[in-house]
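Biologist: I'd like to go through this one with you, charges and chain contacts included. Can you pull it up?

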2 protein chains.
Amino acid sequence: MPDAKIILVEPQLAENVGSAARAMANFGLVDLRLVNPRPDWRSDKALAAASGADAILDNAHLYPTLAEAVADLGVVFATTARPRGVAKEVIGARQAAQSAGGWSAAGAGVGFAFGRERIGLTNEEVALASSIVTLPVDPAFPSLNLAHAVLVIAYEWRAARMAAEPDGLPFRAETTLPATKRSLIGLFEHLERALDATGFFRAPDNREHMVLALRAMLQRASLTEQDVRTLRGVIAALEGRPTRPRVLPDGTVTTTRGER
Amino acid sequence: MPDAKIILVEPQLAENVGSAARAMANFGLVDLRLVNPRPDWRSDKALAAASGADAILDNAHLYPTLAEAVADLGVVFATTARPRGVAKEVIGARQAAQSAGGWSAAGAGVGFAFGRERIGLTNEEVALASSIVTLPVDPAFPSLNLAHAVLVIAYEWRAARMAAEPDGLPFRAETTLPATKRSLIGLFEHLERALDATGFFRAPDNREHMVLALRAMLQRASLTEQDVRTLRGVIAALEGRPTRPRVLPDGTVTTTRGER
């Protein structure tokens with residue numbers, strides 16, 4: 001899928017340019033466009049903030065105006081606080097990223113424009129956009145750092161892309177196989193025998209309730225076979241029996257008196 | 001609704017602390033906890049990066065260790081690259097924010113822990129967490145700035161909150177409250193003391209690995225305070241000490257020699 005473009009309009013602080021490049025690289029965006037940046041935009045401060053994302057700065061394109069920066073794009077989102085008096089769709093970052101992904105997959109050039117640190121985008125610049133993207137900031141403290149705004153968009157772009165391409169998902173949790181129920185029951189019975197021997201269950205009523213509670217706890221832990229062996233070793237040690245767990249030919253786990 | 005806590009473990013750069021505070025303020029989070037920060041953590045650089053979010057720095061709490069920083073919390077998410085060899089649920093930021101909101105609505109203290117800039121969290125620190133949160137970074141450029149990681153979490157927290165609240169529906173509350181980390185750590189230490197006494201840990205290498213594995217298992221079980229009391233009674237019984245768990249006035253659980 002083609003890339004979304006990140007367009008910074010007259011960024012004032014070189015470290016924001018560098019930090020935006022780093023945020024882009026983190027989430028797989030590579031195409032940075034700068035509209036009339038300050039002469040020091042690629043200074044040591046920018047490079048330090050980019051933290052290795054130099055290639056994005058090296059390949060950045062410069063334009064004199066936003067109009068020229070978006071000339072080849074089909075869909076442009078203006079990321080800005082909600083402006084007054086501009087009749088334009090206002091959407092959230094997630095919805096914008098999904099929409100952008102759809103347009104991009106369809107072959108449209110897609111860009112996100114970000115305004116100046118202090119004064120944002122002019123109404124004329126906003127007018128170049130298809131939609132306005134607003135982040136759900138606290139009204140009591142709404143001023144986002146420029147690179148932070150880029151970061152949220154880059155993050156949502158990648159999240160939308162990965163939701164669309166589930167095969168690449170690194171979200172997937174480790175797949176560890178759970179212990180068989182047979183092993184679990186062996187563990188439960190081992191624990192309960194050990195507790196019976198200590199007089200832990202004072203009253204028969206209490207026993208049933210406690211056994212259920214203990215079994216429920218251990219079930220919730222999603223134990224693996226290795227976990228079951230470990231816990232059986234723990235119980236045996238606490239019982240004062242120096243034992244090692246063993247796996248029988250049928251796959252069940254047992255503990256037998258071992259050697260010291 | 002109570003707030004989620006942002007916990008920075010040994011942040012090295014003052015501007016990252018300030019920038020994290022700004023990101024928190026943008027998305028309505030106020031409670032910052034710092035574990036063993038550098039002495040200059042509240043320097044002019046930090047204040048400049050905070051860009052007006054001074055109140056968050058003013059009200060930050062300092063702790064010597066992550067264990068102490070999370071002692072009063074019930075649910076802790078470790079934001080980190082996926083560690084090897086730690087058997088723990090790995091989820092995305094959106095899922096974590098939704099889960100955190102549910103726990104918070106139910107009254108649990110909720111926190112997100114972030115590691116050091118270069119080396120992240122230790123395995124022991126990760127072991128304190130209920131789940132690991134991983135951001136969908138590009139594997140070719142995975143190193144996120146610390147404040148950027150905080151920003152994504154703060155953004156998702158607020159997005160989840162706003163998604164949950166527009167029609168007056170709060171986050172769906174979880175039904176059973178988890179034990180505090182203080183109680184869990186007390187349980188871990190009780191078990192490990194008991195095992196030390198039996199010679200269960202044959203070699204020191206083995207001990208560290210086994211302790212992490214046991215803690216991970218018990219964390220996964222989502223134990224309540226009642227569960228912790230039950231398990232401490234189980235351990236004490238197996239140790240051969242007829243004991244009853246007791247709740248001290250400060251809420252911690254202990255076991256003392258009881259009567260037969």
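Modeller: Sure. One cut-off first: buried means under 20% relative accessible area, exposed means over 50%, and partly exposed lies in between. Keep in mind that this is a predicted model.

Biologist: Then let's use that. Is A:D40 buried, partly exposed or exposed?

Modeller: A:D40 has 35% relative accessibility. Buried needs under 20% and exposed needs over 50%, so A:D40 counts as partly exposed.

Biologist: And which residue does A:D40 meet in a salt bridge?

Modeller: The N to O distance in that pair is 4.0 Å. The partner is partly exposed too, at 40% relative accessibility. The residue is A:R38.

Biologist: What about A:R207, which helix holds its salt-bridge partner?

Modeller: A:R207 pairs with A:D196 at 2.8 Å, N to O. The two sit eleven residues apart, and the pair links distant parts of the chain, with A:R207 in helix α9 of chain A. A:R207 is partly exposed at 29%, and A:D196 is partly exposed at 40%. The helix holding A:D196 is α8 of chain A, residues 181-198.

Biologist: Now across the chains. How many salt bridges are there at the interface of chain B and chain A?

Modeller: Over all chains the count comes to 21 salt bridges. One that crosses runs from A:D227 in helix α10 of chain A to B:R220 in helix α9 of chain B, with the closest N and O atoms 2.9 Å apart. For the interface of chain B and chain A, the number is three.

Biologist: Is B:R220 buried or exposed?

Modeller: Its partner A:D227 has a relative accessible area of 10% and is buried. B:R220 comes in at 17%. The cut-off is under 20%, so B:R220 counts as buried.

Biologist: How much area do chain B and chain A bury between them?

Modeller: The contact takes 61 residues from chain B and 61 residues from chain A. In chain B, the residues that lose the most area are B:P136, B:F141 and B:L238, together 15% of what that side buries. Of the total, 60% is on carbon and sulfur atoms, and the buried area is about 5100 Å².

Biologist: Which element of chain B gives the most to that side?

Modeller: There are 20 residue pairs in polar contact between chain B and chain A. Several elements of chain B supply at least two residues each, including α1, α5 and β8. The one giving the most, with nine residues, is α7(B).

Note on methods:
Residues are numbered from 1 along each chain as its sequence is written. Chains are lettered from A and ligands numbered from 1 in the order in which they are written. This is a predicted model: local features need pLDDT of at least 70, side-chain atom pairs count only at pLDDT 80 or more; totals for chains, interfaces and linings use all residues. Side-chain values use heavy atoms; hydrogens and water are left out. Contact means heavy atoms within 4.5 Å. Buried area is the accessible area (1.4 Å probe) that two parts lose on being put together, summed over both. A salt bridge is a side-chain nitrogen of Lys or Arg within 4 Å of a carboxyl oxygen of Asp or Glu. A polar contact is a pair of N or O atoms within 3.5 Å; within protein, one must be able to donate a hydrogen and the other to accept it, and residues adjacent in sequence count only if both atoms are side-chain atoms. Helices (H or I, at least four residues) and strands (E, at least two) are DSSP runs, numbered from the N terminus. Buried means under 20% relative accessible area, exposed over 50%, partly exposed in between (1.4 Å probe, protein chains only).
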